[in-house]
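This briefing introduces the structure shown below to a reader who has not met it before. Please keep the sequence and the model in view while reading the points that follow.

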Amino acid sequence: MMSNDTPRYRPATLAIHGGTTRSQHGETAEALFLTSGFVYDDAAQAEATFLGTETHYQYSRFGNPTVAMFEERLAAIEGAEACRATATGMAAVAAAMLAHLKAGDRVVASRALFGSCHWIVSTLLPKFGVETVFVDGRDLAAWEQALSKPTHAVLLESPSNPCLEVVDLRAVCDLAHKAGATVMVDNVFATPLLQRPLEFGADVVIYSATKHIDGQGRCLGGAVLSSKAWIEGTLQPFIRNTGPAMSPFNAWVMLKGLETLSLRVNAMCASAATVADFLAAQRGVARVLYPARADHPQHELAMRQMTQGGTIVAFELAGGKPAAFRVLDALRLIRVSNNLGDSKSLVTHPATTTHMRIGAAERALLGITDGLVRLSVGLEDVVDLTEDLGRALIAAEIVRAAE
Ligand SMILES: *Cc1c(COP(=O)(O)O)cnc(C)c1O
């Protein structure tokens with residue numbers, strides 16, 4: 001544990017040292033406490049622990065030393081007072097929403113949400129008597145209108161998956177707070193290194209740690225960050241009693257993931273920017289969406305909120321699904337997958353996979369055309385990536401070989 005006179009380190013340093021507690025053995029790396037329960041010195045200590053007059057680990061569904069190191073480290077990087085880790089990113093979103101809301105409450109959400117987040121808002125919450133409203137997250141007038149009534153929570157993602165739409169965090173947080181709402185931001189695409197929603201007024205930040213935080217395709221995980229009062233008063237009772245806890249093993253993997261997060265995300269962002277420029281220069285590519293490019297429709301807003309453009313590039317092919325499939329199938333180094341944020345570059349056709357279930361009408365509203373391709377840029381040599389893309393665009397007859 002860092003003492004009170006510890007200097008205020010920067011995020012890349014906190015990602016290595018934040019939250020570290022050592023056992024009596026003084027191990028260098030974080031210990032893996034792969035234990036479901038804990039023993040007490042005597043019955044009185046057990047009683048005092050349950051009364052809350054003594055602090056002692058009880059059961060890994062409530063808390064675990066390895067998981068706590070991950071929570072403290074992520075909270076330090078994010079600049080949040082407190083964090084709870086969960087089994088998956090979706091467990092984090094579901095726990096945050098269900099812990100906060102009750103029947104009769106009202107939720108406003110941006111339409112451009114990850115598929116399962118969209119399902120929670122469109123399908124799950126209404127089943128429990130929560131009124132939900134979707135808005136175009138880019139449209140401040142739409143937010144203003146939706147938030148003209150008392151509202152209990154706002155859920156948004158920025159930049160969004162897969163079209164990299166950006167929400168004006170400060171403006172939406174101001175409107176939401178006037179309506180009485182708690183603002184929850186799914187910050188997966190930006191990572192805690194590129195965008196810190198709490199600084200723009202958000203109340204709760206949510207991660208799928210499965211993505212960049214592990215970043216090497218091994219473990220599922222999630223996290224919710226907020227004030228100490230909200231985490232302990234609202235979220236923790238829900239997590240403790242419903243059980244979406246993160247496994248200590250996964251927390252240990254995520255701790256090591258955080259140590260290289262800054263190195264990986266910076267390298268991936270640099271390559272993503274190069275790949276975006278490469279794709280934009282190909283005549284057969286109709287449109288490239290990347291927040292750090294000046295031709296992104298919300299470039300200025302994106303760069304006010306994020307320090308870099310991120311690791312995901314979306315691009316559109318005029319030839320629809322057949323053209324997209326030809327390109328995906330012609331890629332050799334970049335593999336077809338629905339995952340993202342990995343050290344391996346991965347390519348997705350959202351209309352037939354991640355966003356299939358939301359239906360054609362909703363896809364049209366979100367700009368997820370049949371020719372849209374999402375590319376998660378990894379850690380390979382960027383020249384190998386652009387060569388793979390170039391070769392695939394020629395093989396798919398999107399680009400003529402002589403061009
Ligand atoms: C992957 C993802 C999730 C869900 O996370 P899991 O760890 O897969 O449960 C939520 N939101 C966004 C933006 C994601 O990319």
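**Overview**

Arg287 stands opposite Glu316 of strand β9. The model is a predicted one, and β9 belongs to an open sheet of five strands. A further open sheet has seven strands. The points below treat the two sheets in turn, and then a residue in a helix and a surface patch.

**The five-strand sheet**

- The strand order of this open sheet is β8-β9-β12-β11-β10, and its pairing is mixed.
- At the edges stand β8, residues 285–289, and β10, residues 335–336, each of which pairs on one side only.
- Strand β9, residues 312–317, runs antiparallel to β8, and four bridges join the two.
- Within β9, Leu317 is the residue that stands opposite Val285, while Glu316 is the one opposite Arg287.
- Strand β9 is also joined to β12 by five bridges, again in an antiparallel arrangement.
- Val313 has Leu375 as its bridge partner in β12.

**Cover around β9**

- Is β9 mostly covered or mostly open to the surroundings? It is mostly covered, with six of its six residues buried.
- In a regular strand, side chains alternate between the two faces of the sheet.
- In β9, both faces are covered: one side carries the buried residues Ile312, Ala314 and Glu316, and the other carries Val313, Phe315 and Leu317, which are buried as well.
- Helix α14, residues 320–330, lies across β9, β10, β11 (346–348) and β12 (372–376).
- The direction of helix α14 is at about 130° to β9.

**The seven-strand sheet**

- This open sheet follows the order β1-β7-β6-β5-β4-β2-β3, with mixed pairing.
- Strands β1 (82–86) and β3 (131–135) each have a single partner strand, so one side of each is left without a neighbour in the sheet.
- On average, neighbouring strands of this sheet are turned by 20° against each other, direction ignored.
- Strands β4 (residues 153–157) and β5 (residues 182–186) pair in the parallel sense, over five bridges.
- Thr182 in β5 is the bridge partner of Ala153.

**Helices on the seven-strand sheet**

- Which strands does helix α3, residues 65–78, touch as it packs on the sheet? Helix α3 touches β1, β6 (204–208) and β7 (222–226).
- The direction of helix α3 makes about 130° with that of β1.
- Helix α4, residues 89–100, lies across β1, β2 (106–110), β4, β5, β6 and β7.
- With respect to β6, helix α4 runs at about 150°.

**A buried residue in helix α12**

- Ser271 has its place in helix α12, which spans residues 261–280.
- Why does Ser271 count as buried? Its relative accessibility is 10%, and buried means under 20%.
- Leaving aside residues up to four places away in sequence, Ser271 touches Val377, Gly378, Glu380 and Val382.

**A nonpolar surface patch**

- Leu32, Leu34 and Phe249 make a nonpolar surface patch of about 270 Å².
- Among them, Phe249 lies in helix α11, residues 248–259.
- Phe249 counts as partly exposed because its relative accessibility is 37%.

Notes. Residues numbered from 1 in each chain as written. Predicted model: local features only at pLDDT ≥ 70, side-chain atom pairs only at ≥ 80, totals over all residues. Heavy atoms only, no water. Pairing = 2+ DSSP bridges. Axes fitted to C-alpha atoms, helices over the stretch in contact; angles between N-to-C directions. Contact = heavy atoms within 4.5 Å. Buried < 20%, exposed > 50% of the residue type's maximum accessible area, 1.4 Å probe, protein only. Patch = residues over 30% accessible without salt bridge, like charges linked within 9 Å, V, L, I, M, F, W, Y side chains within 5 Å. Areas by Shrake-Rupley, 256 points an atom, 1.4 Å probe, with all protein chains shown as cover. Salt bridge = Lys/Arg side-chain N within 4 Å of Asp/Glu carboxyl O.
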